[in-house]
Amino acid sequence: MPFAHWFELGEPVAGTPGIRAAEVDASAWRSVAQDVAAGGGRLLALWGDTSLVGRGSVHALYVAQQRGLAVELPATTATGRYPGIEDVFPSAGRLQRTVFDLHGLRSTDPDDRPWLRHAAWPAQFHPLAAECFPPVPESPAAVDDYRFVRVEGDGVHEVPVGPVHAGIIEPGHFRISIVGEKVLRLEQRLGYVHKGIEQRFSELPLLGAVRLAARVSGDSAVAYSWAYCQAVEGMSGTVPPARASYLRALCLELERLQNHLGDLGALGNDAGFAFGLAQFGRLKEELLRSMQGSIGQRYLLDAIVPGGTAFDLRDPDAATLEATVERIGTAVLELRRIYDEHAGVRDRFVATGQVTPELARRLGLTGLA
């Protein structure tokens, strides 16, 4: 059945003309996913809702043909497992595991490993389920026996990395199976910073919760706070002033630059080129200090607020930032030449990390991923 048919069956969502919503049964839940995939659409999000005792549901948001369809499947722990769609959209696998960890709603996906729990609470406790809303039981949680996929063979060795990393990046645990310098498999386990953010949002004032949004991910404060503000402004019909929109774009670009500088240095370090790490680290620090002097924060946790920004940029400060970025740009071009001409770095970079368009579409990759 084409996506257009499912879209027409849905009910219009007030205030969002390009999105419709529909409640489906278990068989239609999979049919919608299969038809969206067949038509070249993608899964945008999948989440659960168990905020009312005895009631629960799983939701998916699909995008196809520049339109959105929000699908709801009634589901509770009493109705058994709901149909998984990880075979249709691989990105649904982790989302379905997240729904179980938080809500107790299990899909038919055979991969039932915990994703967010990390033994932070007992296995039978689900933080966002209504019946669990008193706090976590005091009984200690057993340590998870997380089943990483192992690679065996002559010369294969396994390198564990994390979950604690340097800097402000989010923690993650990685198991890397290696023969020599060839990576045979890398399996990641994330979710270590899950801290009940969804529930905390429901307890905060609408305007004040932007501070929480900005602190969801340390190196993406602008991206998260701007997204939150867009949601609030969309609900209230607020249009930020043009100057505020320009300042927000400047903040986002500065955040992108600082993250790229850090990552370019880390790539050099991963290739055994410590010089690259030191030089890009120096340039990132120079940018952060300039942001501190011109905007008032190294990491722009409080720059964007509903309705606009919490700062204005004076002409002298703008000139300072511009000069800093130009100076860094010149240095980056020189470092690129050094990277390109360094035999050891080149050997480790060439043909590494390539993602075909076909694989990107199948995995639902977006943005920098």
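In this predicted model, strands β2 (residues 16-23) and β5 (residues 67-74) run parallel to each other, joined by five bridges. One of the pairings puts A21 opposite A70 in β5.

Both strands sit in an open five-stranded sheet with mixed pairing, ordered β1-β2-β5-β4-β3. The edges belong to β1 (11-13) and β3 (42-49); each has a single partner strand, so one side of each has no neighbour in the sheet. Ignoring direction, adjacent strands are turned by 25° against each other on average. Helix α2 (residues 26-38) packs on this sheet, where it touches β3, β4 (57-64) and β5, and its direction makes about 20° with that of β4.

Now for the helices. The axes of α6 and α7 come within 8 Å and cross at roughly 150°. That angle is over 145°, the cut-off for roughly antiparallel, so α6 and α7 count as roughly antiparallel to each other. Here's who meets whom:

| Helix | Residues | Contact residues |
|---|---|---|
| α6 | 221-236 | A221, V222, A223, W226, C229, E233 |
| α7 | 242-270 | S245, R248, A249, C251, L252, E255 |

By class, this contact has eight nonpolar, one polar and three charged residues.

As for α7 on its own, its 29 residues reach 42 Å from first C-alpha to last, close to the 42 Å expected at 1.5 Å a residue. Its buried residues include A244, L247, L254, Q258, N259, L261, G265 and G268. R248, C251 and E255 are buried too, and these three also meet α6. What covers the buried residues of α7 includes α6, α8 (274-294), α9 (315-341) and α10 (343-349), along with strands β9 (304-305) and β10 (308-309). After α7 comes G272, with a positive phi near 75°.

Definitions and conventions
Residues are numbered from 1 along each chain as its sequence is written. This is a predicted model: local features need pLDDT of at least 70, side-chain atom pairs count only at pLDDT 80 or more; totals for chains, interfaces and linings use all residues. Side-chain values use heavy atoms; hydrogens and water are left out. Axes are lines fitted to C-alpha atoms, for helices over the stretch in contact, and angles run from 0 to 180 degrees between N-to-C directions. Helices (H or I, at least four residues) and strands (E, at least two) are DSSP runs, numbered from the N terminus. Angles under 35 degrees count as roughly parallel, over 145 as roughly antiparallel, 65 to 115 as roughly perpendicular and the rest as oblique. Contact means heavy atoms within 4.5 Å. Ala, Val, Leu, Ile, Met, Phe, Trp, Tyr, Cys and Pro count as nonpolar, Asp, Glu, Lys and Arg as charged, and the others, Gly among them, as polar. The expected span of a helix is 1.5 Å times one less than its number of residues. Buried means under 20% relative accessible area, exposed over 50%, partly exposed in between (1.4 Å probe, protein chains only). Two strands pair if DSSP finds at least two bridges between them.
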